[in-house]
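Reader: I'd like to go through this one label by label and hear the reasoning behind each. Can you show me what we're looking at?

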Amino acid sequence: MNLEHYIGGAHVPSVSGATFSALEPASNETYLTVAAGGPEDIAAAVAAARKAFTDGPWPRMTGEQRATVLRRIAAAIESRDDRIAALECRDTGLPITQARGQAHRAAHNFRFFADVITTLGEDVYRVASAQLNYVLRKPVGVAGLITPWNTPFMLETWKLAPALAAGCPAVLKPAEWSPASAGLLPEIMEEAGLPTGVFNLVHGIGEEAGAALVEHPDVPVISFTGETGTGQIIMRTAAANLKTLSMELGGKSPLIVFDDADLDRALDAAVFGVFSLNGERCTASSRVLVQDTVYESFVERLAERASRVRVGAPDDPATELGALVHPEHYERVMDYVRIGVEEGARLVAGGSRPSDLPVGNFLSATVFADVTPNMRIFQEEIFGPVVCVTPFSTEGEALELANATRYGLAAYLWTNDLRRTHRLARSVEAGMLWVNSQNVRDLRTPFGGVKASGLGREGGRHSIDVYTESHIVHLATEDMPIPRFGAA
C-alpha cells in the first residue's frame with residue numbers, strides 16, 4: 001500500500017521522490033510506504049490553497065453554503081466508519097472498539113461545526129444614535145494543520161472542520177507514525193463536493209514537512225497538537241511572521257480523590273482515564289492523588305483492576321489495551337517504568353510485556369504507588385498506560401500536589417463537598433476541570449491548557465476565532481463632530 005500527497009486536487013509523489021515506511025504496532029512490520037514531503041511539496045500545497053483562497057468560491061460562500069458541504073463530509077465519513085476504524089486500529093494499535101468511537105467523533109466534528117457556522121452571529125455596538133459599529137468575521141487565509149499520531153483521524157477532523165467552516169483553505173500535515181487514515185480524506189472531500197485546492201495533504205517528517213509549513217510566509221495560522229518541546233520550536237519559528245498559533249501540548253493531569261467521594265465511580269474514572277486509548281492521550285489522568293484515609297485501599301483496588309485490563313491484539317473486540325504506536329515510543333515508555341523502579345516508587349501492577357504477546361509494542365497496565373513530587377515519573381509526561389498514585393492529607397496539600405508540575409491541561413476532582421469543589425475549581429492550574437466525571441467533551445466549550453500545556457482555545461466559537469480576523473466597521477448614522485484643524 002502506497003500513500004501520496006494530495007495537492008490541488010491531485011495525488012502526487014514527493015518532488016524529491018523520497019518515501020518513508022509506516023509500521024504496524026502489533027507486529028512492527030512495514031505495511032505502508034508513504035511519500036515524504038519537503039519544502040517543495042509544502043510550497044506547492046500552500047500555493048494551491050492560496051489560489052483557492054484568493055480566486056476560489058470557498059471563502060466567499062455563505063456560512064450555510066459551507067455548512068451544506070460540511071454535512072456531506074460528515075455523511076461521507078459515516079459511510080466509511082468501519083474502514084476508518086480498521087485503518088486506525090492497524091495504524092495506531094488502538095483497540096478496535098475505541099477506534100470505532102473515534103470514527104464516530106470525526107463525523108460529529110464536521111456536523112457540529114456546520115451548525116456553529118450557521119448560527120454564529122457577529123457583534124454590533126451602537127453609540128447612541130450617532131454611530132453603528134459592527135464586526136465582520138473574515139477568514140484569515142491558508143490554515144496550516146499539524147496533527148498527532150494518537151487518535152489521528154479524529155484529531156485531523158477536529159482541526160479541519162472549523163478551519164473549513166471559517167472559510168480557510170487548509171494544508172494538513174499528519175503525523176508520520178500514523179498516516180494511513182488521512183489517506184481517506186481526499187476521496188471524502190471530493191465526494192462531498194469541496195472545491196479544488198481547499199483541502200491539501202502533505203505527508204512527511206515533522207522536522208522537514210512540518211517545519212516548512214510553519215515557516216511558509218503565506219500560512220498565517222498554525223494549529224498544532226503534540227508535545228511541548230515541538231510546540232516551543234513552532235512558536236520560535238512562527239515569530240518571524242507573527243503567525244496566529246493554537247497549540248494543545250503535553251499534559252500530566254491530576255485526578256484528585258477525597259475520602260467523601262463516590263470511590264467506586266472514582267476508581268472507574270481513574271482506570272479509564274489512563275488506560276483508555278492505550279494511555280496515549282494528552283488529557284490522561286496519569287497522576288492519581290488520593291486522600292490518606294482511603295489511600296491504601298484505593299491503591300489496592302486500582303492495582304487489582306489494572307491487572308485485569310485486557311491487553312491484546314488491537315483488532316480483537318475484547319481488547320481494552322492494545323499496542324503502543326511505535327517501537328521508539330514503546331522504548332521511551334519502558335524507560336519510564338525502569339526509572340520509576342529506580343526512583344523507589346512501589347510497582348503494584350504491570351510494568352512488563354504480557355507473556356502471551358512476545359511481538360509488538362505491548363505493555364500491561366502499570367501502576368506505581370507512593371510516588372513523590374520529586375520523581376521524574378510524577379513530573380514528566382509518559383504518554384502510555386502508566387499511572388502514578390500519591391497520597392495527600394489536606395485540601396491544601398492536594399492543591400499543591402495537583403499544581404506541582406509544569407503542565408496544566410486537564411484535571412479531575414472527586415468529592416461531594418460543593419464548597420470544596422468551588423474552591424479547588426478556582427485554584428487548580430488547568431485549562432479544564434471535570435468534577436465527579438471522566439473526560440466527557442462538550443464541543444461548545446473552550447478546549448486547551450495553561451503553562452506548558454499550550455496556548456489558545458478551540459471548541460465552538462473559540463475554534464472559529466482561531467481561523468478568522470475580526471474586522472470592525474465604524475458607520476456614522478448622523479453628523480458627528482470633526483475637529484477642524486487648519487481652519488482659520
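**Where the domains meet**

Author: Sure. Eleven residue pairs are in polar contact across the interface of domain 1 and domain 2, with both partners at pLDDT 80 or more. That pLDDT filter is there because this is a predicted model.

Reader: Which elements give two or more residues to the side of domain 1 that touches domain 2?

Author: Those are helix H3 (81–92), helix H4 (96–119) and helix H8 (228–238). H4 has the largest share, with four residues. By class, that side of domain 1 has ten nonpolar, twelve polar and three charged residues.

Reader: What are domain 1 and domain 2 in terms of residues?

Author: Domain 1 is 2–249 + 453–473, and domain 2 is 254–435. Their centres, taken over C-alpha atoms, are 31 Å apart. In contact are 25 residues of domain 1 and 31 residues of domain 2.

Reader: How much area do domain 1 and domain 2 bury between them?

Author: About 2300 Å², with 60% of it on carbon and sulfur atoms. Trp 149, Trp 177 and Ser 453 supply 25% of the area that domain 1 buries against domain 2, more than any other three residues.

Reader: How many salt bridges are there between domain 1 and domain 2?

Author: Zero. A search of the whole structure finds 25.

**Buried or not**

Reader: What makes Asn 361 count as buried?

Author: The cut-off for buried is under 20% relative accessible area. Asn 361 has 1%, so the label is buried. Asn 361 is in the loop between strand E15 (346–349) and strand E16 (366–369). Beyond its sequence neighbours, Asn 361 touches residues including Pro 25, Asn 28, Leu 324, His 326 and Tyr 330.

Reader: Why is the Asn 361 and Asn 28 pair called a polar contact?

Author: Their side chains are joined at 2.9 Å. The limit is 3.5 Å for a pair of N or O atoms, so the distance fits.

Reader: And why is Phe 272 called partly exposed?

Author: Partly exposed is the band between under 20% and over 50%. Phe 272 has 40%, so that is where it falls. Phe 272 is in helix H9 (residues 263–275). Leaving aside neighbours within four places in sequence, Phe 272 is in contact with Arg 281 and Gln 438.

**Charged pairs**

Reader: How do you know that Asp 55 and Lys 51 form a salt bridge?

Author: Their side chains meet at 3.4 Å, N to O. The rule asks for within 4 Å, so the pair qualifies. Asp 55 has 56% relative accessibility and counts as exposed. Lys 51 has 52% and counts as exposed too.

Reader: What makes Arg 346 and Glu 296 a salt bridge?

Author: The closest N and O atoms are 3.6 Å apart, and the cut-off is within 4 Å, so that passes. Arg 346 lies in strand E15 and Glu 296 in helix H10 (residues 295–307), so the pair ties together parts 50 residues apart in sequence. Arg 346 is partly exposed at 33%, and Glu 296 is partly exposed at 47%.

Reader: How far apart are the closest N and O atoms of Asp 370 and Arg 346?

Author: They are 2.9 Å apart, and this pair forms a salt bridge. Asp 370 lies in the loop between E16 and helix H12 (376–379) and Arg 346 in strand E15, so this bridge ties together parts 24 residues apart in sequence. Asp 370 is partly exposed, at 31%.

Reader: Which residues are joined into one network by salt bridges that share partners?

Author: Arg 80, Arg 83, Glu 187 and Glu 191.

Terms used. Residues numbered from 1 in each chain as written. Predicted model: local features only at pLDDT ≥ 70, side-chain atom pairs only at ≥ 80, totals over all residues. Heavy atoms only, no water. Domains from an automatic or database assignment. Contact = heavy atoms within 4.5 Å. Buried area = accessible area lost by both parts, 1.4 Å probe. Polar contact = N/O pair within 3.5 Å; in protein donor to acceptor, adjacent residues only side chain to side chain. Nonpolar A, V, L, I, M, F, W, Y, C, P; charged D, E, K, R; others polar. Buried < 20%, exposed > 50% of the residue type's maximum accessible area, 1.4 Å probe, protein only.
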